[in-house]
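Fancy a bit of hands-on work with a model? Have a look at the structure below, then try the exercises before reading the solutions.

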Amino acid sequence: MPQAAEPTASLVAALIEAVGAEHVLTDSSLHDQYVVDWARRFEGPALAVVRPASTSEVADVLRACSAANVPVIPQGGNTGLVGGSVPSPDGDRPPVVLSTRRLTSLGDVDPLSGQVTVGAGVTLGDVHRHVARAGWSYGVDLAARDSATIGGTVATNAGGIHVIAYGMTRAQVVGIEAVLADGTVLSHLGGLLKDNTGYDLPSLLCGSEGTLGVITAIRLRLHRPAGRTTVALVGCSGYAEALDLMSRSVAPGVRLLAAEVIDETGMDLAVAVTGMAWPLESRHPILLLLEVVDGGDASGLVGLDEADVAVGVEPGERERLWQFRERQSEAFSTLGVIHKLDVSLPLPVLASCAEELRQVVAAFPEVTTYGVFGHLADGNIHVEIHGPAPDDDAVDVAVLECIARYGGSISAEHGVGRAKAGKLLLCRTPAEIAAMRAIKRAWDPQALMNPGVIFSS
Ligand SMILES: Cc1cc2nc3c(=O)[nH]c(=O)nc-3n(C[C@H](O)[C@H](O)[C@H](O)COP(=O)(O)OP(=O)(O)OC[C@H]3O[C@@H](n4cnc5c(N)ncnc54)[C@H](O)[C@@H]3O)c2cc1C
């Protein structure tokens, strides 16, 4: 816990000056929820938790930390799954955790541009509800929507269930306001779609995982709501069949909104956690969940006559089928601490790599449960492993090396965080990593912003 009493006392005084005493938490019993991650795999000590309510308060906090040479960990909803939102257990400089959850401004939707500006601490669910009231929808959605903040989703360039239709978070961001480690405010929220005036700083901040600055507000691009949709859960013999069905069961002119996958292990756990019955006539190694915008009387799905399939057209039916997929993380977590590996693969090799992964993991006798679910259309699978001790990452490394051999990415959508820091060389070149480090040094010369995230040192 706090190490140097004198600097800490003066820092705490400066933080109280910046945000008020009730928003500086120094009693460890008060800030437990901020120092342990969602999956309970990562935790570490913090000097304090600070909760600023405006961009200028964020700037004051960062100036105080910079003057005291104390690292800062930006934190939104703390639903990140790679340990980037909580302190490291072995950091030699205990950090301040800066919670963005009081940055909750919600601007009016601009009906001409289809854009809205929101504070970084607004939850994804609140953004959806806010823009829906104005007749719009937001393109990124994920199961942690009522805890994850919009700032966190931008900082991780989150993907989610509708990437195939709308793209990742970066594709929704038209402007960002952020504060750098020295308190400098960068604000670019004008919302111009065409603006080729130099480097695209919002794009750089998107996916920076708190290592370049604190994002305080975001200008988002919105979409018109998709309209009526149909959901189908289809039993498949394996990934090859799931990919084949995904590519040929969407009728011409019909838009695919989501194509997700769940394996038998994940389905059994979801059945247990939801209390719902197995939804198909038979058991299958892989279940494919498709959602399409039907836009007419037909369901929009073709060629499923021979398949074991459950179809949901009414909202309640669609919701029931989605529950099996949406509650996968929660279902695996009922087993205890899970090694979660979020990876992506080129679609043509996904089936063969998935087969090899099973063998790779089987070589670790301490593994008790192995399951896979994910966003099939994006080539993004989440590998869930239970058994090895939380700090034993031998099986994690073996999985990531296998993914790299197939030309995949070791982080599809969750980011690098602390979990994969130091493993970047598996899929980025030394020249790329050197260029990233140069940006980090230029923006954060004291190395105060989320040290140990993305880069291990
Ligand atoms: C049940 C469940 C389902 C999920 N499903 C998906 C999914 O489908 N797709 C997906 O991509 N992710 C998913 N996630 C992971 C997680 O929800 C996302 O990574 C999300 O973007 C994190 O948002 P957060 O506000 O919780 O950020 P946090 O966990 O608080 O932080 C995540 C990272 O962003 C940084 N950060 C947070 N806010 C800011 C800010 N304002 N400025 C600068 N840096 C900041 C932190 O320092 C940290 O490095 C899921 C998680 C859970 C628990």
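Here are five exercises on this predicted model, each with a worked solution.

**Exercise 1. Work out how helices α12 and α13 are oriented relative to each other, and what their contact is made of.**

Start with the geometry: α12 covers residues 347-362, α13 covers residues 394-405, and the two pack at an angle of about 155°. Their axes are 10 Å apart. Next, classify the angle: the roughly antiparallel class takes angles over 145 degrees, and α12 and α13 are therefore roughly antiparallel to each other. The crossing of α12 past α13 is right-handed.

Now look at who touches whom. On the α12 side you find Cys353, Glu356, Leu357, Val360 and Val361, and these meet Val395, Ala398, Val399, Cys402, Ile403 and Arg405 of α13. Sorting the residues of this contact gives nine nonpolar, no polar and two charged.

**Exercise 2. Do the same for α8 and α12.**

Helix α8 runs over residues 239-248, and its axis comes within 8 Å of the α12 axis. The two axes cross at roughly 155°, so α8 and α12 are again in the roughly antiparallel class.

For the contact itself, Tyr239, Ala240, Leu243 and Met246 come from α8, while α12 supplies Leu347, Leu350, Ala351 and Ala354. Sort these residues and you get eight nonpolar, no polar and no charged.

**Exercise 3. Where does Leu376 sit, and is Leu376 buried or exposed?**

First, place Leu376 in the fold: it belongs to the loop between β14 (369-375) and β15 (380-386). Second, check accessibility: the relative value is 0%, so Leu376 counts as buried.

Third, list the contacts, skipping residues up to four places away in sequence. Leu376 touches Ala242, Leu243, Met246, Ala259, Glu260, Val261, Leu288, Leu347 and Leu350. Compare that with Exercise 2: Leu243 and Met246 of α8 and Leu347 and Leu350 of α12 also take part in the contact between those helices. As a last step, take the C-alpha distance to Val309, 67 residues apart from Leu376 in sequence: the two are 17 Å apart in space.

**Exercise 4. Find the surroundings of Gly77 and Thr216.**

Take Gly77 to begin with. Gly77 lies in the loop between β3 (72-75) and β4 (96-99). Its relative accessible area is 18%, and the cut-off for buried is under 20%, so Gly77 is buried. Leaving out neighbours within four places in sequence, Gly77 is in contact with Arg101, Ser147, Ala148 and Thr149. Gly121 is 44 residues apart from Gly77 in sequence, yet their C-alpha atoms are 7.9 Å apart.

Now Thr216, which is in strand β8 (residues 214-221). At 3% relative accessibility, Thr216 is buried too. Beyond residues up to four places away in sequence, Thr216 touches Thr55, Val58, Leu103, Gly119, Ala120, Glu177, Ala178 and Val179.

**Exercise 5. How many disulfides does the model contain, and why is Cys427 not in one?**

Recall what you are looking for: a disulfide is a covalent bond between the sulfur atoms of two cysteines. The rule used here asks for sulfur atoms within 2.5 Å, and the count comes to zero.

For Cys427, go to the closest cysteine sulfur, which is in Cys353. The distance is 13 Å, so the pair is too far apart for a bond. To finish, compare accessibility: Cys427 is partly exposed at 29%, whereas Cys65, at 0%, is buried.

How values were computed. Residues numbered from 1 in each chain as written. Predicted model: local features only at pLDDT ≥ 70, side-chain atom pairs only at ≥ 80, totals over all residues. Heavy atoms only, no water. Axes fitted to C-alpha atoms, helices over the stretch in contact; angles between N-to-C directions. Helix = DSSP H or I, 4+ residues; strand = E, 2+ residues; numbered from the N terminus. Parallel < 35°, antiparallel > 145°, perpendicular 65-115°, else oblique. Left-handed = near helix turned anticlockwise from the far one by under 90°. Contact = heavy atoms within 4.5 Å. Nonpolar A, V, L, I, M, F, W, Y, C, P; charged D, E, K, R; others polar. Buried < 20%, exposed > 50% of the residue type's maximum accessible area, 1.4 Å probe, protein only.
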